[in-house]
Amino acid sequence: MALFVRGRGGTFVIVGIDLGTTNSAIARWGEGGPELIPNSLGDVLTPSAVSLTEDGAVLVGRAARDRQPVYPDRTATAFKRLIGTQKPIQLGGTAFTAEEVSALVLKSLKADAERHCGEEVTSAVITVPAYFSDRQRKATRRAGELAGLKVERLVNEPTAAALAYGIADREDRDPFLVFDLGGGTFDVSIVEIFDGVIEVRASAGDNRLGGEDFNEVIVGIAKERLRLPLGAAHPKLREQARAAAERTRRALSEAEAATFDIVWQDELLSTTITAEQFETAAAPLLDRLREPVLRAMRDSNLRAETLREIVLVGGATRMPVVRKAVTRMFARFPNASIHPDHAIALGAAVQAGLRERRADLDEIRLTDVCPFSLGIEVMTRDAHGRLHGGRFAPILERNTVLPASRVHRFQTVHAQQRKVQFEIYQGEARLVAANIKLGEVEIPVPPRAAGEVMIDCRFTYDVSGLLEVDVIVPETGETRQLVIADQEVDPGEAEARRAALAELKIHPRDQAASQALIARAERCYEAFIGDRRATAGDLLAHFEGVLETQDGHAIAEAAAMITRKLDAMEGERYL
Amino acid sequence: MTSPWETLGIPPTGDVRTVRKAYARLLKTMDPDSDPEGFNALRQAHDRAMQLAELHAAAPDEASSAGMFGADEDAQAPAAAASGAQAEAAPAPIVPEPPRAPLEPSEAAVRAARNDAAAPVTVPLPSPPVMTPSEDAIRAAMDDAVDHPAPAGASLDRRPGAASDAMRALRALVFDRAPLFSHVKMMALVEQILGDPAMQNLEHAEQVERFFADIIVHGVPRSDPMLDRVIGYFHWDAPALELRRPDAVSWILQRAQDRYFEVEQRVQDSRIHRCLRRLREPPLKGLSGRIESWFAAPHVERTILQLQVYHPTALHSLNQESYAWWMRRIQQQHDAGFPFGVLYRTRSDEIRSKRIYRAAMKSLSLLAVPLLVGGVYLYALFHPLRSASLTGEQPTVLRPVAATPVPPFEDVDHDLDMVLYQYSGGDLTAAEVRNVNPALYARLTREWTAAKGQQQAGPAVAFQVLMTATGGVLRDLLGRAVTRDDALLLDYAGHYESRLRWAERASPEECVAVLSGQTVGTTPTQLLVAWSRLLTRAVRTGTPPAEGTWKAGTFTAPPDIIEDAMQRAHLDRAVFARAMQRKGPAMGVCNARIGLIDAALVRRDKAGLTLLRALLGS
């Protein structure tokens, strides 16, 4: 996400945003390189969590995530997985879509950037998983617009990571593989750098594979051992289990065994999970890592041994099981030198710098690919002259360099046909039924004998990965453009939604730290029993008392003390 | 269209780096975002120039290094026609010369195999339909498995030697005609290769994938049993790869479908199935064959056509000699003079233009009426056996269909499965025998090889030889097993007694025949079931079979048992003694033996068991 900010010298200041499943980050192109912008709590990572307080104010970030186990019905996380769908997300009785909730996160990040740069931020470039579909991309773009940002460009996450990685020394590099396993999505890109051209050769991915799935594995183990009644009936327990699983998974990255602790009906349930047990249970997930890797290598016509290196990105690649799997796959150790959580945001900032033509980036060019095939449904004639419908005719083959534009010519099937319907699909299967439908266009044609009328279908895929379809009948000059009816929102409604979002009261920034601390203490109160619960309760009561005095100095002092105590109680904190 | 070299502003070159440099230089002068058309033109010029440059560079040495998944990229390049054309020819519906090794190994190959059984015999393979030569791929795969360095420090349990041995063995199993073929062994090898931890390595996995694609394509139909497992393992049927599926993989998937077609045809469409059976059997001979082929040819023609269009790979499992014979016959009948040619073509068109069953009904009503009167009679006279196969389905062995119907003496485990099924009532399989009783398995394998040598009398006769030999081995095994297992001994004794009583009820002579080991008359189902259970138990004791044949031994019985037996048989001492030597009236011989077993059986003590062991054991 590039934020065009008019700086002091009259130049554009550039900012990039990584809108992740678990965490988001914002960065800008600073003096000679990309730099991250901290949020109001001083962290560079902001959890992608949104919570609605009882008084109707919106909390974003760590405070919201800490509130999740306590107020599961008023809090949303991991909503990136739902983006592009109309599935409602309930926040305290109000239904939101995933793009609206994402917009709230973007809004908060925008506020952080504005405060940091001291200028208004109006336009942006957002990163998306490379394997995001057209629909998910459009939804992400709309989320940016709802947050009041002009989305200049969408960048693929592994591409952004490769940019951040390649920009550091600007040397030529043989093809290398970016292995991006984030909170909710998995992407693989093969990238080559020569003469300042950063070229993505191929991308592949799995939109439903990430750290969250590994958490589910741990929840599964615990559910079986502790007989937890997980289900729709106990949303609170489910969220607690998820948080506990996250904690266990992170502990397993450091140690050979970790405990899974959860408080249920005022009873502490605990079980120890070893790294080996985890690896066995996660084997199906690890197996799913192979397919995209293989596909990207085959599409770029490369073999594992000709890859220069394997670059790990994304928080979930911290897991030893994932690193082990990668090591086995390539028979060598991956490169984990770049920061898995920061690389994508930094790369986005680089892209933003490119976008606004910074002099120090003049010698850099980036080309990306579209990771899936796009085409239309056609009928084909077999050897006996019979017609078979439902066949997929790709127009843009996958891993075509962007921007790309291709025209294919089709003809009518029936005599005296009055109109032709073009259904646009994305996917790799021969039958359209197995692919994803993106939309349809209908065009009138002059009545003629079968096969006499030609129709040109042009697919244009821009650098942000957004598709435009133009259908032309050369004979009549009739043209049509793709309309995705079920997703497109009419302008009036879009305006209304934006207004509704704007009306939501954003929690005051200067109270963000206090809010986060209260949320954390409340979570601790729920997560512990016995003495520690009592301590958390005492601390909470104490802090609320201090807050009422409205004495800035005393609040800061109490906050520091309580943070220290909670740290001691909880062990290490994580983001 | 302007030349890519003009667009790039460089002279034609074979140097990829020069092309890349020129592209990079020009790319920096433009902004792809704001000038997509300009970028498109540049990119297309770059792609084209890269293709030309790579071809140029590859031309001096051979361009055939492209592997399975490089094939389609090569096919786009015009000059890679050699391998590309071959690759495209493969899935064409009509395969004139199916890639199939001759059924009988050449003498040289057999000799070579006997001389050095361990070394894989290089069977001269027919021209590969799809890919680069198999030898290279296999060698590359093996070399890779052996040479690939394990990553330092990573605790990977890699035993490359084991996998490459298994690959070598698998290749020998599929391609060499001399060694014993067994799908159980094949699947064990496949599992060994796929279960190797080294498969986690992508490079190795890809080599193995190529190895399998290669071995399956060339090994049809022997390689059929591994199809499902390998397709499933490598996700060859995943829709996500459908658009870029290599030709070899498409061919293999086609084969997998065709194989089910072959299996299902047994039950679905008997007319097609009958035609298929004709094509699998040796060609018909003599005048009766010619007459029969006159009636059957249109249907066979239709079947062949259907196979060629929809199930091209199924052509490989036909008897090639027979296939050629039928093709010749069909051609001859097409070309035959008036009125035969016209008649034939009319019938043929009729069958082709309608759905096959309707055509069948029509031709039946047209042909059956005159034929029913005289034709069938004459026909049966000419060829009674074949007429039986035309008019009725012969009962097939009740065995779960696991793979292609295998002709006898192709697959040792398949044949032994069938034989053991008969003797054990479906309880025993060749795989189990191999595990629980390796000595027996070895013995049966030898019997199989011996029976295979008698095939000149016809596979059915040879199979009967195998059945009889196996029966002898199993009965002998039971005799040996009862000397070790008392429970089995008692059950066997009870069964033997019931058997004798049943035979005696028919006639005393029949009982004596049973005593001397012959099978006469009918045996009730319960006894047969009990017998197969006894054989199964005997096999499962792990008793090795005896070498040589079964001889009746002598025995001595304690006097008290003799007394008891005499009373039970209602015989006096003299008659009883003669009856024991199988002399005297048949009734006495029977009763004496039944009485003796009875007497020994009721005692259930050491002396009784010893006697039974002597009576029944070997």
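**Exercise 1.** What is the order of the four strands in the open sheet of chain A, and which pairing do they have?

*Solution.* Keep in mind that this is a predicted model. Start with the order, which reads E22-E21-E25-E26 in chain A, with antiparallel pairing. Next, look for strands that pair on one side only: these are E22 (387–396) and E26 (436–444) of chain A, the edge strands. Then check the twist: ignoring direction, neighbouring strands here are turned by 35° against each other on average.

**Exercise 2.** Take E21 and E25 of chain A and work out how many bridges join them.

*Solution.* Find the two stretches first, residues 374–381 for E21(A) and residues 419–426 for E25(A). They run antiparallel, and three bridges join them. For a concrete spot, go to Leu374(A), which sits opposite Gln426(A) in E25(A).

**Exercise 3.** Now switch chains and describe the make-up of chain B.

*Solution.* Count the elements: chain B has 29 helices and zero strands. On burial, 35% of its 618 residues count as buried. Finally, take the contacts in chain B with a separation of 6 or more: 70% of them come from residues 24 or more positions apart.

**Exercise 4.** Work out which parts of chain B touch chain A.

*Solution.* Begin with the head count, 29 residues from chain B and 34 residues from chain A. On the chain B side, the elements giving two or more residues are H2 (16–28), H3 (36–58) and H10 (202–219). H2(B) gives the most, with five residues. Sorted by class, the chain B side has 15 nonpolar, six polar and eight charged residues.

Methods
Residues numbered from 1 in each chain as written. Chains lettered and ligands numbered in written order. Predicted model: local features only at pLDDT ≥ 70, side-chain atom pairs only at ≥ 80, totals over all residues. Buried ≥ 20, exposed ≤ 12 C-beta atoms within 10 Å, placed from the backbone. Contact = placed C-beta atoms within 7 Å. Nonpolar A, V, L, I, M, F, W, Y, C, P; charged D, E, K, R; others polar. Pairing = 2+ DSSP bridges. Axes fitted to C-alpha atoms, helices over the stretch in contact; angles between N-to-C directions.
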